[in-house]
Amino acid sequence: MAPSSRPPAPPSSMVLVLLFLSSAALLCESRLSLDYYSKTCPSFNKIMQETVTNKQITSPTTAAGALRLLFHDCLPNGCDGSILISSTAFNKAERDADINLSLPGDPFDLIVRAKTALELACPNTVSCSDILSVAARDLLTMLGGPYYNVYLGRKDSRLSSASLIEGKLPKPSMGMSQLINLFASSGFTVQEMVALSGAHTIGFSHCKEFSSNIGNDTHYNPRFAQALKQACADYPKNPTLSVFNDIMTPNKFDNLYYQNLPKGLGLLESDHGLYNDPRTRPFVELYAKDQTKFFQDFAKAMQKLSVYGIKTGRRGEIRRRCDAVN
């Protein structure tokens with residue numbers, strides 16, 4: 001019989017070893033860690049701190065914008081930096097979906113600045129999604145908010161489509177059942193939803209998001225409603241008009257947002273809903289009287305959000321520019 005031309009099959013023990021090594025490699029590639037860039041980009045933390053600090057000093061609204069940008073990136077389809085990609089002639093990207101058109105420009109500019117500095121120091125190493133996650137956390141702490149660990153090693157999405165986020169982000173006009181179901185579909189509890197809503201203690205909302213409710217919603221404090229009508233009187237001609245979400249301490253991250261709601265000082269219909277719905281009201285009352293508890297729960301919810309639906313290993317890429325796929 002002629003000898004076989006095929007090489008002999010490896011012994012079963014060798015096959016097991018090869019499978020183990022392959023699995024271990026994939027596991028290591030996909031694992032997040034706090035020191036992910038310690039060897040590949042030792043200057044990562046320093047560059048992020050300097051860039052974030054400089055931007056916040058020159059543009060104080062950046063912090064609130066970055067928190068909202070992270071939220072709009074993560075909740076629909078996971079934290080993958082897809083919100084940062086610009087549209088092309090062939091594709092309408094997430095950032096140009098109607099619900100994202102009000103996202104401010106400062107946090108986008110911050111990510112570009114950080115990415116540019118990091119590419120000079122450590123080319124093709126740090127993902128845009130990691131940059132956004134760390135920037136939001138650092139800006140939060142600059143305004144007095146709680147610190148939480150950000151695990152690193154995310155990869156960036158190769159896709160961004162406005163159609164893929166339809167119905168996956170909360171709208172100010174949504175009822176509480178809709179909001180609860182929306183968060184639940186992404187694995188967040190009612191309490192986590194209420195805690196995350198505390199981000200409204202900073203930042204602002206455009207008049208078009210609440211003006212139609214002022215005369216119809218009896219939950220507004222009457223004097224507050226009158227002041228809002230005056231502040232937003234010209235919004236049909238000037239759609240950029242906006243009002244601080246927390247009129248008491250708009251530039252400080254604290255629990256006054258929750259203290260405002262029982263007084264009728266909530267800005268959005270969804271804000272009033274948190275206090276008036278029996279499923280969410282107990283958590284509003286808890287956070288209103290206990291800022292430490294709010295900070296603890298907010299930090300946990302943000303940490304959970306920051307790793308929601310992430311891409312690791314070969315499922316994503318390190319984008320060279322955050323506004324375009326490679």
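**Questions on a predicted two-domain model**

Q: In this predicted model, in which helix does Leu139 lie, and is Leu139 buried or exposed?
A: Leu139 lies in helix 5, which spans residues 128-142. Buried means under 20% relative accessible area. The relative accessible area of Leu139 is 0%, so this residue is buried.

Q: Which residues does Leu139 contact, leaving aside neighbours within four places in sequence?
A: One partner, Ala63, is 76 residues away along the chain, yet the two C-alpha atoms are separated by 5.0 Å. With close sequence neighbours left aside, the residues in contact with Leu139 are Val52, Gln56, Thr62, Ala63, Ala66 and Leu110.

Q: How many residues of domain 1 are in contact with domain 2?
A: The domain assignment places domain 1 at 43-164 and domain 2 at 176-305. Their centres, taken over C-alpha atoms, are separated by 23 Å. On the domain 2 side, 19 residues take part in the contact, and on the domain 1 side the number is 20.

Q: What area do domain 1 and domain 2 bury between them?
A: The size of an interface is often expressed as the accessible area lost when the parts come together. Of the area buried between domain 1 and domain 2, 77% is on carbon and sulfur atoms. The total is about 1,600 Å².

Q: Which helix gives the largest share of the side of domain 1 that touches domain 2?
A: Across the interface of domain 1 and domain 2, zero salt bridges are found, and three residue pairs are in polar contact. The largest share of the domain 1 side is eight residues, and these come from helix 3 (residues 62-77).

Q: How many salt bridges does a search of the whole structure find, and which residue forms one with Asp80?
A: The search of the whole structure finds 14 salt bridges. In the one that involves Asp80, the closest N and O atoms are 2.9 Å apart. Asp80 lies in the loop between helix 3 and helix 4 and its partner in the segment after helix 13 (291-306), so the pair ties together parts 231 residues apart in sequence. At 2% relative accessibility Asp80 counts as buried, and at 17% so does the partner, Lys311.

Q: Which residue meets Lys115 in a salt bridge?
A: The N to O distance in this salt bridge is 2.9 Å. Lys115 and its partner are four residues apart in helix 4, and are therefore separated by about one helical turn. Lys115 is buried at 4% relative accessibility, and the partner is also buried, at 18%: Glu119.

Q: What separates Arg113 and Asp109 along helix 4?
A: Arg113 forms a salt bridge with Asp109, with the closest N and O atoms 2.8 Å apart. Arg113 is partly exposed at 41% relative accessibility, and Asp109 is partly exposed at 27%. Because the two are four residues apart in helix 4, the separation is about one helical turn.

Q: Where is Asn124 placed, and what is its phi near?
A: Asn124 is in the loop between helix 4 (105-121) and helix 5, and is partly exposed at 42% relative accessibility. Most residues other than glycine have a negative phi. Asn124 is a residue other than glycine with a positive phi, near 55°.

Q: Which residues does Asn213 touch, not counting those up to four places away in sequence?
A: Asn213 is in helix 8 (residues 211-214). Its relative accessible area is 15%, so Asn213 is buried. The residues touched are Tyr220 and Glu269.

Conventions
Residues numbered from 1 in each chain as written. Predicted model: local features only at pLDDT ≥ 70, side-chain atom pairs only at ≥ 80, totals over all residues. Heavy atoms only, no water. Domains from an automatic or database assignment. Contact = heavy atoms within 4.5 Å. Buried area = accessible area lost by both parts, 1.4 Å probe. Salt bridge = Lys/Arg side-chain N within 4 Å of Asp/Glu carboxyl O. Polar contact = N/O pair within 3.5 Å; in protein donor to acceptor, adjacent residues only side chain to side chain. Buried < 20%, exposed > 50% of the residue type's maximum accessible area, 1.4 Å probe, protein only.
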